[in-house]
Amino acid sequence: MSRLILASTSRYRRELLARLGLPFDVDRPAVDETARPGETPADLAARLAAEKAADVASRNPDSWVLGSDQVAEVDGDALGKPGSEAVATEQLRRMSGREVRFHTAVSLCRGGTAHATSDLTIVRLRALGTAEIERYVRAERPLDCAGSFKVEGLGISLFEAIESGDPTALVGLPLIATARLLRQAGFAVP
């Protein structure tokens with residue numbers, strides 16, 4: 001079996017990929033995640049997933065490299081990882097009572113071969129009061145999560161509904177699509 005490398009230091013993606021039971025290594029991609037002028041959130045996610053995989057693949061030409069990225073979108077604007085409680089609180093205020101689109105892209109490459117796919121998950125947040133937003137952010141500290149929540153934890157209490165074809169996509173790596181790409185590359189999944 002070919003060597004597989006996850007081009008990410010995200011513990012969430014590492015935990016998700018481990019569910020597929022394949023051995024893999026992890027390598028940090030060196031990619032500027034700044035959006036380009038006029039770039040849509042979906043295009044940004046796809047470009048970053050491809051660039052992350054390509055960057056790590058350039059150092060490991062005989063390995064399959066899996067890159068992924070997720071961008072949250074509200075009214076056409078991309079929301080990044082908050083990084084601070086103040087930004088997380090502001091993002092949740094902005095998303096309160098609204099629909100948020102999460103674009104999660106995956107790229108699998110080796111040499112000149114690349115496979116790519118993406119997932120769209122739509123989340124409807126319920127109307128949130130300032131006190132409950134602040135309580136949530138203090139309790140779960142979702143500072144490294146696109147959208148400022150952890151769906152796999154207490155963050156689920158913030159929602160009215162989730163529309164998705166893959167329940168793992170919102171955590172950061174759509175495993176249904178990822179497994180399909182890995183099978184296309186010759187990996188035995190399961």
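1. What is the phi of Gly 186, the residue that follows H5? In this predicted model, Gly 186 has a positive phi, near 100 degrees. Further along, in the segment after H5, comes Pro 190. The peptide bond between Val 189 and Pro 190 is cis, with omega at about -5 degrees.

2. H5 itself spans residues 175-184. Its buried residues are Leu 175, Ala 177, Thr 178, Ala 179, Leu 181 and Leu 182. These pack against two kinds of element: helix H1, and the strands E1, E3, E5 and E6. Strand E6 covers residues 113-125.

3. Leu 175 can be taken as one example from H5. Its relative accessible area is 10%, so Leu 175 counts as buried. Leaving aside residues up to four places away in sequence, Leu 175 touches Leu 16, Leu 17, Arg 19, Leu 20, Asp 166 and Thr 168. Leu 17 stands 158 residues from Leu 175 in sequence, yet their C-alpha atoms are 7.3 Å apart.

4. Leu 17 also belongs to the buried set of H1, together with Tyr 12, Arg 13 and Leu 16. Why do these residues lie on the same side of H1? They cover an arc of only 125 degrees around the axis, and therefore share one side of the helix. Among the elements that cover the buried residues of H1 are strand E1 (4-6), E3 and H5. At the start of H1, Ser 10 places a side-chain oxygen within 3.2 Å of the backbone nitrogen of Tyr 12.

5. The largest pocket has a volume of about 620 Å³. It is lined by 32 residues, and those closest to its centre are Arg 13, Glu 33, Asp 69, Gln 70 and Lys 81. Arg 13 is thus a lining residue as well as a buried residue of H1. By class, the lining comprises 16 nonpolar, ten charged and six polar residues. At least two lining residues come from each of helix H1 (11-18), helix H2 (41-59), strand E3 (64-74) and strand E4 (77-79).

6. His 103 sits in strand E5, which runs over residues 99-110. Is His 103 buried or exposed? With a relative accessible area of 10%, His 103 is buried, because the cut-off for buried is under 20%. Its side chain makes a polar contact of 2.5 Å with the side chain of Glu 73. Not counting residues up to four places away in sequence, His 103 touches Pro 41, Ala 42, Ala 45, Asp 69, Gln 70, Val 71, Glu 73, Asp 119 and Leu 120. Asp 69 and Gln 70, both in contact with His 103, are also among the residues closest to the centre of the largest pocket.

7. Positive phi values also occur in residues other than glycine, including Asp 75, where phi is near 55 degrees. Asp 75 is in the loop between E3 and E4. Its relative accessible area of 57% makes Asp 75 exposed.

8. Arg 141 is another non-glycine residue with a positive phi, in this case near 45 degrees. The loop that holds Arg 141 runs between helix H4 (130-140) and strand E7 (159-163). Arg 141 counts as partly exposed, at 42% relative accessibility.

Key: Residues numbered from 1 in each chain as written. Predicted model: local features only at pLDDT ≥ 70, side-chain atom pairs only at ≥ 80, totals over all residues. Heavy atoms only, no water. 1 Å grid on protein atoms, 1.4 Å probe; cavity = no way out; pocket = protein on both sides within 12 Å on 5 of 7 lines; lining within 4 Å. Points joined across faces, edges and corners; volume = space filled by probe spheres on them. Helix = DSSP H or I, 4+ residues; strand = E, 2+ residues; numbered from the N terminus. Nonpolar A, V, L, I, M, F, W, Y, C, P; charged D, E, K, R; others polar. Buried < 20%, exposed > 50% of the residue type's maximum accessible area, 1.4 Å probe, protein only. Polar contact = N/O pair within 3.5 Å; in protein donor to acceptor, adjacent residues only side chain to side chain. Contact = heavy atoms within 4.5 Å. Arc of directions from axis to C-beta.
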